[in-house]
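I opened my notebook today to follow one chain and its ligand. Here is what I looked up, entry by entry.

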Amino acid sequence: MSTEKNKLTTSWGAPVGDNQNSITAGARGPTLIQDVHLLEKLAHFNRERVPERVVHAKGAGAHGYLEVTQDLTKYTKASLFAEVGKRTPLFVRFSTVAGENGSSDTVRDPRGFAVKFYTDEGNYDLVGNNTPVFFIRDAIKFPDFIHTQKRHPQTHLKNPNAVWDFWSLSPESLHQVTILMTDRGIPATLRHMHGFGSHTFKWVNSEGAGVWVKYHFKTEQGVKNLAPDVAAQLAADNPDYHTEDLFNAIKQGDFPAWKLCVQIMPLEDANTYRFDPFDVTKVWSQKDYPLIEVGRMVLDRNPENYFAEVEQATFSPGTLVPGIDVSPDKMLQGRLFAYGDAHRYRVGANHQALPINRPRSEVNTYQRDGQMRADDNGGSSVYYEPNSVGGPKESPENKIAPFEVSGSADSVGYDHHDHYTQPGDLYRLLSEDERSRLVQTIVGAMKPVESDEIKLRQIAHFYKADPEYGIRIAEGLGLSVPE
Ligand code: HEM
């Protein structure tokens, strides 16, 4: 006899009489369409997958909290930073970028580092990577860039020709390409890497005064990387190596932690800094803008259900709270559209109401209806605004901090074209061992490129960053350095 609690039911709650045998017309007869339990079971199974993320499809997630360690309320009124000791719950999703949902964890790729803070004034998402810069600096180039990272339309194979053709024609990528090809391109685990907000954001304090800000998560586990041969072996033996490591560490009570630090730039410095501080292919010098610690992030709880928490989690750089705003970074501006659009397509119009995405603070909107509206849909409460029946009202103190705009509307790029100083500085910072591994990795990655023209164009970029960098790669590829 089954008890009420463990009695198997259909999705509409009726008890199931037989879950092992379909209803057939006699022992050897065809299956009857009146077996509604069978029909529903097969039909639901067919719909178990939502589309995977178009990028960052393979990921692992965990719950945790941010604890504020330093008072920075002179810079931001964001409630998650309101006082030392304050804890805000959060959910993090780490990911690779280019591979599909089932692809290997230990590939050379940036890692996504997306954090959803459930603040008491709504959710705040910081959707960054484990690198401080990106390959391109205008959203209009993103779909083309990602095409080069994905499969060739005919062969369905990864395509080094496209990768290096695009990079060699987009010299702004050199900084990120250099970082990716160093040892940091394959982290040992998701716990042993830093995280970055990458873009410049704006913080606004309770007086309405702003500063520009960049975020850094510094791993307390230390940075550790995998040697390429070890990574390749793991990719074959255990493609879920990073996912497993994170889950097991948390399960065993070995909670990974990161210090959250910020760089703060006065608003007016943006007009005079030696490069455009909104250009996401550049880092701000820490000599000019030192790291200031603001909190500590700890991951201490595994998801209970991968699909409900990790797959259905939706992060967007546009999920902002009072005290945190955007900058004119042309990539960030494009991302403000791209993510919400992806979520409405991938998960549905009501994705924010799912348990993993639902704010822990009160939500009072006039949004109603839509597919998969699984809450009470606002019940019988007022469904339009303005109204005279006491419905929720705007709070003028939460208006954006106004900012000046000027100039003609046009397709204008950044006016700063030095793509070489920062990657060159990075190359010069490396030890001889690190340099030779970097060169070896790049040579290995460029060898399959069929066209010498593409190789030479890219070598010229390495050369401009540092002549030795270019010469060593040219030598490795058996080419002579172009004039
Ligand atoms: C995921 C677009 C640049 C970090 C995604 C997704 C899209 C997207 C459509 C899938 C979202 C989903 O289905 O839930 C773009 C566009 C970009 C851009 C259009 C440039 C204009 C960046 C940059 C970073 C970044 C610069 C890091 C600094 C991430 C991360 C995820 C992601 C971490 C995975 C979030 C998760 O775990 O769900 N991106 N992206 N992206 N992107 Fe971007």
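**Entry 1: domains.** Before comparing domains I noted where their limits come from: the bounds are taken from an automatic or database domain assignment. I also reminded myself that this is a predicted model. On that footing, I found the protein chain divided into domain 1 (10–48), domain 2 (59–357) and domain 3 (421–476). I then looked up the centres of domain 1 and domain 2, taken over C-alpha atoms, and they are separated by 45 Å.

I checked the UniProt record too, and its unreviewed entry lists residues 9–393 as "domain: Catalase core". For residues 9–393 I noted 21% helix and 19% strand, with the end C-alpha atoms 44 Å apart.

**Entry 2: the annotated active site.** Which residues does the UniProt annotation "active site" cover? The unreviewed entry gives His56 and Asn129. I was pleased to see that they gather at one spot: they span 74 residues in sequence, yet no two of their C-alpha atoms are more than 10.4 Å apart.

I took His56 to begin with. I located His56 in the loop between helix H1 (36–46) and strand S1 (59–68). Is His56 buried or exposed? I count His56 as buried because 22 other C-beta atoms lie within 10 Å, and the cut-off for buried is 20 or more. Setting aside neighbours within four places in sequence, I listed Ser95, Val97 and Gly112 as the contacts of His56.

Then I turned to Asn129, which sits in strand S4 (residues 122–129). Asn129 is buried as well, with 24 other C-beta atoms within 10 Å. Not counting residues up to four places away in sequence, I found that Asn129 touches Pro110, Arg111, Gly112, Phe113, Phe196 and Ser198. Gly112 therefore turns up in my notes for Asn129 and for His56, given that a contact here is a C-beta distance within 7 Å.

**Entry 3: around the ligand.** How many residues surround the ligand? I have 28, and the closest are His56, Gly112, Ala139, Ser198 and Ala338. By type, I sorted the shell into 14 nonpolar, ten polar and four charged residues.

Next I asked myself which elements supply the shell. Strand S2 (87–96), strand S3 (111–119), S4 and helix H8 (330–346) each give at least two residues. H8 contributes the largest share, eight residues.

**Entry 4: Tyr339.** While on H8, I looked up Tyr339, which is found in that helix. The UniProt annotation "binding site", again from an unreviewed entry, covers Tyr339. I put Tyr339 down as partly exposed, because the count is 19 C-beta neighbours inside 10 Å. Leaving aside neighbours within four places in sequence, Tyr339 is in contact with Phe315, Ser316, Pro317 and Gly318.

**Entry 5: nonpolar cores.** I recalled the general tendency that nonpolar side chains are buried together in soluble globular proteins. Here, the largest nonpolar core has 48 residues. The members that touch the most others are Leu90, Val92, Tyr124, Val213, Leu260, Val294 and Ile324. I also noted a second, separate core of 21 residues, with Val163, Leu174, Val449 and Ile454 among them.

I picked Val92 for a closer look. Apart from neighbours within four places in sequence, Val92 is in contact with Gly61, Ala62, Gly64, Ala114, Val115 and Leu299.

**Entry 6: Gly295.** Gly295 lies in strand S9 (residues 292–301). I marked Gly295 as buried, with 24 other C-beta atoms within 10 Å. Not counting residues up to four places away in sequence, Gly295 touches Leu66, Glu67, Val68, Thr69 and Leu260. For a long reach across the chain, I looked up Gly295 and Ser451: 156 residues apart along the chain, their C-alpha atoms are separated by 49 Å.

**Entry 7: the helices of the last stretch.** In helix H12 (residues 467–476), I found Tyr469, Gly470, Arg472, Ile473 and Ala474 buried. The buried residues of H12 pack against helix H9 (421–429), helix H10 (432–446) and helix H11 (452–465).

Looking from the other side, I listed Gln422, Pro423, Gly424 and Tyr427 as the buried residues of H9. Their cover includes helix H4 (174–181), H10, H11 and H12. My final jotting is that H12 is followed by Gly478, whose phi is positive, near 70 degrees.

Note on methods
Residues are numbered from 1 along each chain as its sequence is written. This is a predicted model: local features need pLDDT of at least 70, side-chain atom pairs count only at pLDDT 80 or more; totals for chains, interfaces and linings use all residues. UniProt positions are given in the numbering used here, feature names are shortened, and annotations may be inferred rather than shown by experiment. Helices (H or I, at least four residues) and strands (E, at least two) are DSSP runs, numbered from the N terminus. A residue is buried if 20 or more other C-beta atoms lie within 10 Å of its own, exposed if 12 or fewer, and partly exposed in between; C-beta atoms are placed from the backbone. Two residues are in contact if their C-beta atoms, placed from the backbone, lie within 7 Å. A residue is near a molecule or strand if its C-beta atom, placed from the backbone, lies within 6 Å of it. Ala, Val, Leu, Ile, Met, Phe, Trp, Tyr, Cys and Pro count as nonpolar, Asp, Glu, Lys and Arg as charged, and the others, Gly among them, as polar. A nonpolar core is a set of buried Ala, Val, Leu, Ile, Met, Phe, Trp, Tyr and Cys residues joined through C-beta atoms within 7 Å.
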